[in-house]
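Trainee: Please take a close look at the aromatic rings in this model and explain how they are placed.

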Amino acid sequence: MKTTTPLIEKTRWMFKIRSSDIIFIVTFAILFLVSSLLLDTFFTARNLFNISRQIVTNGFISIGMLIVILAGGVDLSVGCTVALCGIMATGLQKMMPTPFAILVALAVGLFIGFINGFFIAQLKLQPFIVTLASMGVIRGATYVFSEVPQSPVDPLFRSLLGGGFIGAVPVAPLIMIVFYFLAWFFLNRTIPGRAITAIGGNKEAVRLAGINVKGHLILAYMLCGFFASAAGIILASRLGIAQPSVGAGFELDAIAAVVIGGGVMTGGSGGAVGTFFGVLALGFIDNLLNQFNVQSYYQQIVKGIIILVAVVSRRKS
Amino acid sequence: MNAAAFLRMEGITKKYGGTTALKNVSLSAGLGEVHAIVGENGAGKSTLMNILSGAIEPDLGSISLGATTVTIRSPHHANSLGIRAVHQEFSLVPQLTIAENILMGKLPTRGKRHIVIDWPKAYEKARGILAELGFAGIDERTRVFRLSVSQQQVVEIAKALAEKPSVLILDEPSAVLSKEELSLLFALIRRLKAEKTLILYISHRLEEVFEIADRITVLRDGEVIDTVMCDSIDQNDLIRMMVGRSFEEIYPKRTTKIGKEVLTIHNLSREGEFSDIDFSLHRGEVLGMFGLVGSGRTAIARSIFGADPPTSGSIEVDGKVLRLHTPHNAVNTGISLVTEDRKRDGLVLTGTICDNVSLASYPRMSNGIFLNRKLQEKLVEEKIRALALKPQKIKAFVKTLSGGNQQKVILAKWLLCNTKVLILDEPTRGVDIGAKVEIYHLINVLVESGVGVLLISSEMPEVLGMSDRILVMCEGRLVGDISRDKASEERILQLAAGVSREADGLNIALSGITMEGKA
């Protein structure tokens, strides 16, 4: 018998980390330490839970955005989907039991994703253009549904989702973490997940391997719509009110989180873990700028620069 | 010869980290010479030419042009010294016109400030350059993306020649040219030679090298093995110098018994591509398919696989008619296709070896939707080992592999899904001789296990060396079905050029290929 060398390298997780990840982690740690030292209010359970609640919206949207970016696309309509689904889940409570209202809102999210995916996969249109168009349609539809902010009728709607606590720990971030784990599992351990990732790398090679490219692309956009819808519902629940004007620019935060987390806009690269940390980093930065009383206009400038720096540090030489 | 040398590269050494790409390489060539540089992939040909064209700097060594020693700092600097290179990857902007591409950076202007482009003059100039090169038939206002790959090659060469360089580097120029275009290119090279241009010709195809070159420099593992006069050596010796292997060893003999019909094609047509194709493929058979560029070979392969479905006709696998013509259905029935351009439609470059090999076999590795990773790794590992893929790590990214190993990843993908009919479209394009031999060996192993192989190739030695039977395509029609013992190079070329009637075409076709095997 010949002895055969193992082909699968048993690399420990620590060797899989790239230098860009280290830069990211170190920067993150320094930021964290310095802020804790400078601000008494930063490293307190109250503030940390606060941050964790604030990142949930972007956290959910970013999962969906990650999936479409992996598939080589992008979805600009997520911000508007947040508004529409939030206001539907809230407003429909007047007509039906809350669980149904939530289900309808989620279904609407899936439907929006299906329409986006259909135009992109079946009619072979550019994701940017298709979702830019649907962005306008959805925003309009939101105002058609309700011009005024809607308050939830059902008190449970507030206390269970965005406003719920287990002891001192808020519920919504826990749900989000569970969904990040599910997204990781989906992308790495299931057939559709691997297929979507491969499509972003080379659509034609995947088609010629006998895999249904159109179906998987539509699935990716449906998942994106679903997560945007979930984000909208939880946001309305946390704020206790749903605004038709909410969500402008949310798509950009989500794209930023995915890219900071190692995603590449041409598709095929990126992951759930990276995106999670991207969301976290953006959340901390927002919180810090607020705590240091930086004016909101300056905040935007600082955030833009941070995104650029993050992307440059991940640049392949 | 050395006394007349215009270009002298001496002691060129280049290291990348631990590996030495070039070791003390010296090369000299005179004006009016066609100097071929041959060697396996990775022998250092491209590195040497990249140094000469200013894309990379050598660690050691000197370059002199005429009497002066030069340090080439950038491609732009190389251009100003009269060195131009035509690379395998085109540097054209597809959305712009031919004229604008040829004259890029030097468009004629008018007015005092030289801001406004003088288009009539630009078109005239471009037309002049094209006509001078013997390509007068192309409209210089056509946008480049509308051109065929070989026409783009012509534009690329025109661009390089627009400034009358004294040294012209042609890196695998024939890879995308048809035989007619190749003979035009050769005529052009002879004319440039008469005008005292030094041409450095890099090619895999030794037949061409023998036809066009005066001298040949052989590189192996970054070192110059020898520089020889073209007429003092034959092809077998040259191959031995390049790889240390003889012609017989490249095409090993097979003793497989040919079995039942596995694929039967009836009256297969696809509008505008090919019509009324009839043939059958047996288990354990290698069926070669030869044809010039545009003869419909690739289109047939894609049709059988369902990538571009046929408009009429039938495809039978093991006597069962295929109803749906989609890649999905083809894969399920046991047909697989290794495409011509592995980077464009064969590989997921962002993925690992494991991802790529699994791609067509996910249903086997899962219970419905969840991936069984243990099983996946076991299956992939088996195939990688069977194919002797060299960096044996299944988690390595395919973009880090060499061309030969990438091709093996694609073969592994199809081996894994129990293929019965394997269609190979130019499987050894851009692959070095070492990897070629391994791929031929793999084909033989597959055939012995009962797979039927349809081997599409424009390399005559490959078709003659590997096939049991040879199909010949010409202008979308199947014009020949010849068994190996009755096939000869002349016969195949005659059929492929469609010149049983037209005598002129034969000359064109033959001019591109020298008689292989007789050397």
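Mentor: Both A:Tyr180 and A:Phe276 are buried, where buried means under 20% relative accessible area, with exposed over 50% and partly exposed in between, for a 1.4 Å probe and protein chains only. The model is a predicted one, in which local features need pLDDT of at least 70, side-chain atom pairs count only at pLDDT 80 or more, and totals for chains, interfaces and linings use all residues. Residues are numbered from 1 along each chain as its sequence is written, chains are lettered from A and ligands numbered from 1 in the order in which they are written, and side-chain values use heavy atoms, leaving out hydrogens and water.

Across all chains, the search of the whole structure yields 18 aromatic pairs; rings of Phe, Tyr and Trp (its six-membered ring) pair if their centres lie within 6.5 Å, and planes under 30 degrees apart count as stacked, over 60 as edge-to-face and the rest as tilted. One of these is the edge-to-face pair of A:Tyr180 and A:Phe276, at 5.2 Å centre to centre with 70° between the planes. This pair links distant parts of the chain, 96 residues apart: A:Tyr180 belongs to helix α7 (residues 171-189) of chain A and A:Phe276 to helix α12 (residues 272-291) of chain A. Helices here are DSSP runs (H or I, at least four residues), as are strands (E, at least two), numbered from the N terminus.

In chain B, the ring centres of B:Phe305 and B:Trp414 are 5.9 Å apart and their planes lie at 80°, so this pair is edge-to-face. B:Phe305 counts as buried because its relative accessibility is 0%, and B:Trp414 counts as buried at 1%.
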